[in-house]
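Me: I have a structure open here and would like to go through how some of its descriptions are justified. Could you take my questions one by one?

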Amino acid sequence: MIREAWAVGRFVLAHPVGRRRPVRCLLDTLLWQLRASARPRIVPFAGDARLWARRGETGVTGNVYVGLHEFAEMAFTLHVLRPGDLFADIGANAGSYTVLAAKIARARVVAVEPVPEAVRRLSANVALNGVIDRVVVHRVAVSDREGTVRLATEFDTMNRILAENEAGGIEVPCTTLDRLFAGEPPLLVKIDVEGHEDSVFAGARGSLASGRVRAWIVETTRPGGRAARLLSENGYEPVDYDPFARSLRPCPPRPGNLIWVRDRGEVERRLRAASPVAVKGLRI
C-alpha cells in the first residue's frame with residue numbers, strides 16, 4: 001500500500017500538470033484514494049468533460065490525478081482537432097481520448113474497441129458526455145487481415161491480441177485500418193494495441209500512402225519495427241509536443257507513446273490556433 005502510494009505520488013509530481021499544480025493534484029489524488037471503490041462514480045475531466053471512474057481503472061484514474069494522464073498526446077489531440085474533423089481511436093478502452101475529441105474538440109470519432117467490458121465503459125462515457133451523435137463504436141480488433149483473433153480480456157488497459165500458441169482469451173472479429181478508413185480517412189489516429197502495432201500498420205498501407213491522415217499517436221513497443229518503418233517510408237516523422245509552447249520538435253523513434261506527423265508546418269499552424277482548454281486550473 002505504501003509503495004503504491006509512493007509510486008502514485010511520484011507520478012503526480014513528475015507530470016507537467018502536477019509540477020505546476022502540485023497541491024491541487026496531490027489533494028485530488030488523496031481524495032480519490034480515500035473515496036474510490038469498485039462502484040463507478042462520475043469525476044471531472046478536462047474542460048467540461050466528465051468520466052465514469054472506479055478503483056483500479058488505470059486508463060481513467062490517471063486523469064483524476066493530473067487532468068490529462070498522457071499529457072502531450074492528449075493535449076495534441078485537443079489542439080489539432082477542429083469541429084467536424086474525423087478522429088480514430090484504435091484501442092479506445094474506456095474512452096478518454098474519444099471523450100476529449102468528441103466533447104471538447106467537437107470532432108467526429110470512430111472508436112474501435114473489441115473487449116466487451118471496455119465497450120460497456122466506453123459507451124457509458126460517451127452517453128455521460130452527450131456525444132452519442134458524434135461517436136461511432138466498432139466492436140472489432142484491428143490487425144493485418146480480415147477474420148477473427150483471440151483476445152485477452154482480464155488486464156484492463158493491457159488487454160492484447162494473443163499469439164496462435166497462447167491459450168485463453170475470447171474470439172473477436174478483426175478488420176484492417178484500410179478497410180475501416182475506406183469511406184473517409186481520419187485527420188488524426190490514436191493507436192494503442194499493446195504490441196500489435198506492426199500488424200496494424202501492415203493493414204494500413206493504403207491509408208499511409210494516401211497522406212490524408214495528418215498525424216498518428218502510436219504506443220510503440222518496437223521502435224525499429226515495421227510500424228516505424230512504414231510511417232517513415234510514407235513521409236511521417238516522429239515528434240515531441242510541448243503543449244504550453246504549442247510547438248513540435250523532431251525526435252528519434254522510441255518505446256512508449258509517440259506522435260508522428262506529416263506536413264509539420266501545417267500541423268503546427270493548427271496547434272497554435274487552437275483555443276485553450278482548462279485542466280486542473282491551467283489553461284492549456
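Me: What makes helix α5 largely enclosed by the rest of the structure?

Reply: Happy to help, and do keep in mind that this is a predicted model. Buried means under 20% relative accessible area. Ten of the ten residues of α5, which spans residues 71–80, are buried, so the helix is largely enclosed by the rest of the structure. Among the buried residues are Phe71, Met74, Phe76 and Leu78, and also Glu73 and His79.

Me: Why are α1 and α3 called roughly antiparallel?

Reply: Look at the angle between them. Helix α1 (residues 2–14) and helix α3 (residues 22–35) pack at about 150 degrees, with their axes 10 Å apart. Angles over 145 degrees count as roughly antiparallel, and therefore α1 and α3 get that description. The crossing of α1 past α3 is right-handed.

Me: Which residues make that contact, and how do they divide into nonpolar, polar and charged?

Reply: From α1 come Val8, Val12 and Leu13, and from α3 come Pro22, Cys25, Leu26 and Thr29. Six of the contact residues are nonpolar, one is polar and none is charged.

Me: And what makes α3 oblique to α4?

Reply: The axes of α3 and helix α4 (residues 58–66) cross at roughly 135 degrees and come within 7 Å. An angle counts as roughly antiparallel over 145 degrees and as roughly perpendicular from 65 to 115. The crossing angle falls in neither range, so α3 is oblique to α4. On the α3 side, Cys25, Asp28, Thr29, Trp32 and Gln33 take part, meeting Thr61, Val64, Tyr65 and Val66 of α4. This contact has five nonpolar residues, three polar and one charged.

Me: Let's turn to Lys280. How do you know whether Lys280 is buried or exposed?

Reply: Its relative accessible area is 14%, and the cut-off for buried is under 20%, so Lys280 is buried. You will find Lys280 in the loop between β14 (278–279) and β15 (282–283). Its phi is near 50 degrees, a positive value in a residue other than glycine.

Me: What makes the link between the side chains of Lys280 and Asp28 a polar contact?

Reply: The distance to check is 2.6 Å, the length of the contact joining the two side chains. The limit for a pair of N or O atoms is 3.5 Å, and 2.6 Å falls within it. Lys280 also touches other residues, including Arg24, Cys25, Asn63 and Tyr65.

Me: How do you know that Asn93 is buried?

Reply: By the same kind of check: Asn93 has 13% relative accessibility and therefore counts as buried, the cut-off being under 20%. Asn93 sits in the loop between β3 (86–90) and α6 (96–104). Although Asn93 is not a glycine, it has a positive phi of about 50 degrees.

Me: One last residue, then. Why does Val277 count as buried?

Reply: Its relative accessibility is 8%, set against a cut-off of under 20%, so Val277 counts as buried. Val277 belongs to the loop between α12 (264–273) and β14. Its C-alpha is 7.1 Å from that of Ala46, although the two residues are 231 apart in sequence. Among the residues that Val277 touches are Ala46, Gly47, Leu78 and Ile104.

Terms used
Residues are numbered from 1 along each chain as its sequence is written. This is a predicted model: local features need pLDDT of at least 70, side-chain atom pairs count only at pLDDT 80 or more; totals for chains, interfaces and linings use all residues. Side-chain values use heavy atoms; hydrogens and water are left out. Axes are lines fitted to C-alpha atoms, for helices over the stretch in contact, and angles run from 0 to 180 degrees between N-to-C directions. Helices (H or I, at least four residues) and strands (E, at least two) are DSSP runs, numbered from the N terminus. Angles under 35 degrees count as roughly parallel, over 145 as roughly antiparallel, 65 to 115 as roughly perpendicular and the rest as oblique. A crossing is left-handed if the near helix is turned anticlockwise from the far one by less than a right angle, and right-handed if clockwise. Contact means heavy atoms within 4.5 Å. Ala, Val, Leu, Ile, Met, Phe, Trp, Tyr, Cys and Pro count as nonpolar, Asp, Glu, Lys and Arg as charged, and the others, Gly among them, as polar. Buried means under 20% relative accessible area, exposed over 50%, partly exposed in between (1.4 Å probe, protein chains only). A polar contact is a pair of N or O atoms within 3.5 Å; within protein, one must be able to donate a hydrogen and the other to accept it, and residues adjacent in sequence count only if both atoms are side-chain atoms. Lists of a residue's contacts leave out its neighbours within four places in sequence.
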